[in-house]
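Morning, everyone. I have one structure to walk through today, and I'll keep it brisk. Please have a look at it first.

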Amino acid sequence: MAKVTILGATGNVGIFAAHTISEIPYVSDMLLVGRPGREDFLAGCCRDLSDSFAARGTDIRLSYSTSILDAKDSDVVICTAGVPRRPGQDRNDLAFENAKIIAETAETIGRSSPDAILFLVTNPVDVMTAVALKYSEFQPRQIFGLGTHLDSMRLKSLIAHYFRVHVSEVHTRIIGEHGDSMVPLWSATTIGGIRISNLPTFSGLPAQEMIETVRTSGEAIIRDKGSTVYGPGEAIATLVKTILGDENRILTVSSYIKSEIHGIGDVCIGVPARINRDGVFPVPLSLEENEVAGFRESVKKIRKVTADVMERLEEVR
Ligand SMILES: NC(=O)c1ccc[n+]([C@@H]2O[C@H](COP(=O)([O-])OP(=O)(O)OC[C@H]3O[C@@H](n4cnc5c(N)ncnc54)[C@H](O)[C@@H]3O)[C@@H](O)[C@H]2O)c1
Ligand SMILES: O=C(O)C[C@H](O)C(=O)O
């Protein structure tokens, strides 16, 4: 059985993730961490969630704290703490402000919970994953970000709708930045196990339009309802279940790569990774030429934002 801690639990994504994670059978303890001053809200969240556990028949020890140190002995620590973007902002606009939060958080988790797996949700998630890796001093396998998993799910849903098949029949991946430079892998997209390009209807697929929809999905949801919650919340639970269940699923998350993809590496970015109780292990793979070119561009962009943020962090810390 496992202890899961959610940092930023008073936020939109954090509190919904608490609910989705509570459905995972391996979770025995859940800790919600918020900032000092938010004790009443956290207490209210615990009471409300406990009612949902009772109604569902879930048996989890639930507690809250305003100290990250209480995350000690956690198997998985999920970080949703940080500012979200407002309409008109790019995720990268949040980089420095959130990096300051993540650097401090990661340092504390690194010291107090050395065996945990740290799961970043805070945006820009690829850059935050790199910051957390540096400041926690964790091994790369212990750190990952939500990455392009949610983007891959968004594309999967569009493809299923287009071909009028059940969503479970579609396998697809988007790699690279969780942001504008994301790269769809049509070469790794199958429907009912058949490569999508082998289907006669493929030629009519509005591929560019679909990718544009995925690219702008977060922005559109934020414009319409203020924040993205249900997609990220369910995606977070899938990943936590994959870890705790030692499932060895291959999901597309932001992870540190050395040189696994066409020799490209030394960056944290969305790539397919095997995920189990020991953490996250990027899968070496070869791509088509245009996909490699897109991935290189994405890596170049993330490297630059990451390097700028690291430099600014050095100046203020
Ligand atoms: N990677 C993804 O796919 C994905 C999806 C959704 C949201 N996000 C990101 O997750 C983060 C949270 O989103 P949200 O909608 O829940 O935002 P929110 O404003 O509802 O919640 C933010 C949380 O962070 C905490 N926080 C803010 N500043 C802090 C600080 N200085 N120190 C400690 N905690 C602090 C708040 O107290 C709150 O608990 C954002 O960065 C958002 O962009 C990422
Ligand atoms: O778009 C955002 O800012 C939130 C998140 O990254 C998302 O894609 O839903």
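Where does ligand 1 lie, given which domains give residues to the shell around it? Keep in mind that this is a predicted model. Domain 1 spans 2–145, and domain 2 spans 149–307. Both give residues to that shell, so ligand 1 lies between them.

Let's stay with ligand 1. How many residues surround it? The count is 23. The closest are Thr10, Asn12, Val13, Gly82 and Val83. Sort the shell by class, and you get 10 nonpolar residues, 12 polar ones and one charged.

Now the polar contacts. Two of the closest residues come back here. A polar backbone atom of Gly82 is 2.9 Å from an oxygen atom of ligand 1. For Val83, a polar backbone atom is 2.8 Å from an oxygen atom of the ligand. Then there is Val121. One of its polar backbone atoms sits 3.0 Å from a nitrogen atom of ligand 1. So much for single contacts; next, the cover. On its own, ligand 1 has 850 Å² of accessible area, and the protein covers 83% of that.

Which elements give two or more residues to this shell? Look for α1, at 12–21, and α3, at 95–112. And the space that ligand 1 takes is the largest pocket.

On to ligand 2. Which residues surround it? From domain 1 and domain 2 alike, the shell draws at least three residues. Here is the list: Arg85, Arg91, Asn123, Leu150, Arg154, His178, Gly218, Ile222 and Thr228. By class, that shell has two nonpolar, four polar and three charged residues.

What about side chains? Take the arginines, starting with Arg85. An N or O atom in the Arg85 side chain is 2.6 Å from an oxygen atom of ligand 2. With Arg91, the distance from a side-chain N or O atom to an oxygen atom of ligand 2 is 2.9 Å. Thr228 also takes part: a polar atom of its side chain lies 2.8 Å from an oxygen atom of ligand 2.

How much of ligand 2 does the protein cover? Alone, the ligand has 260 Å² of accessible area, and 91% of it is covered by the protein. Two elements to find on your screen: α5, at 149–163, and α7, at 217–225. Those are the elements that give two or more residues to the ligand 2 shell. As for the space, ligand 2 also takes up room in the largest pocket.

Last, two backbone details. You have met Asn123 already, in the shell around ligand 2. What kind of peptide bond joins Asn123 and Pro124? A cis one, with omega at about -5°. Pro124 is placed in the loop between β5, at 117–120, and α4, at 125–136.

The other detail is Glu137. Its phi is positive, about 60°, although Glu137 is not a glycine. Find Glu137 in the loop between α4 and β6, the strand at 143–145.

To recap the main point: both domains give residues to the shell around ligand 1, so ligand 1 lies between them. Thanks, everyone.

How values were computed: Residues are numbered from 1 along each chain as its sequence is written. Chains are lettered from A and ligands numbered from 1 in the order in which they are written. This is a predicted model: local features need pLDDT of at least 70, side-chain atom pairs count only at pLDDT 80 or more; totals for chains, interfaces and linings use all residues. Side-chain values use heavy atoms; hydrogens and water are left out. A residue is near a molecule or strand if one of its heavy atoms lies within 4 Å of it. A polar contact is a pair of N or O atoms within 3.5 Å; within protein, one must be able to donate a hydrogen and the other to accept it, and residues adjacent in sequence count only if both atoms are side-chain atoms. Accessible areas come from the Shrake-Rupley method with a 1.4 Å probe; for residues, only the protein chains shown count as cover. On a 1 Å grid over the protein atoms alone, a cavity is a set of points where a 1.4 Å probe fits but cannot get out, and a pocket is an open set with protein on both sides within 12 Å along at least five of seven lines; lining residues have an atom within 4 Å of a point. A molecule sits in a cavity or pocket if more than half of its atoms lie within 2 Å of its grid points. Helices (H or I, at least four residues) and strands (E, at least two) are DSSP runs, numbered from the N terminus. Ala, Val, Leu, Ile, Met, Phe, Trp, Tyr, Cys and Pro count as nonpolar, Asp, Glu, Lys and Arg as charged, and the others, Gly among them, as polar. Domain bounds come from an automatic or database domain assignment.
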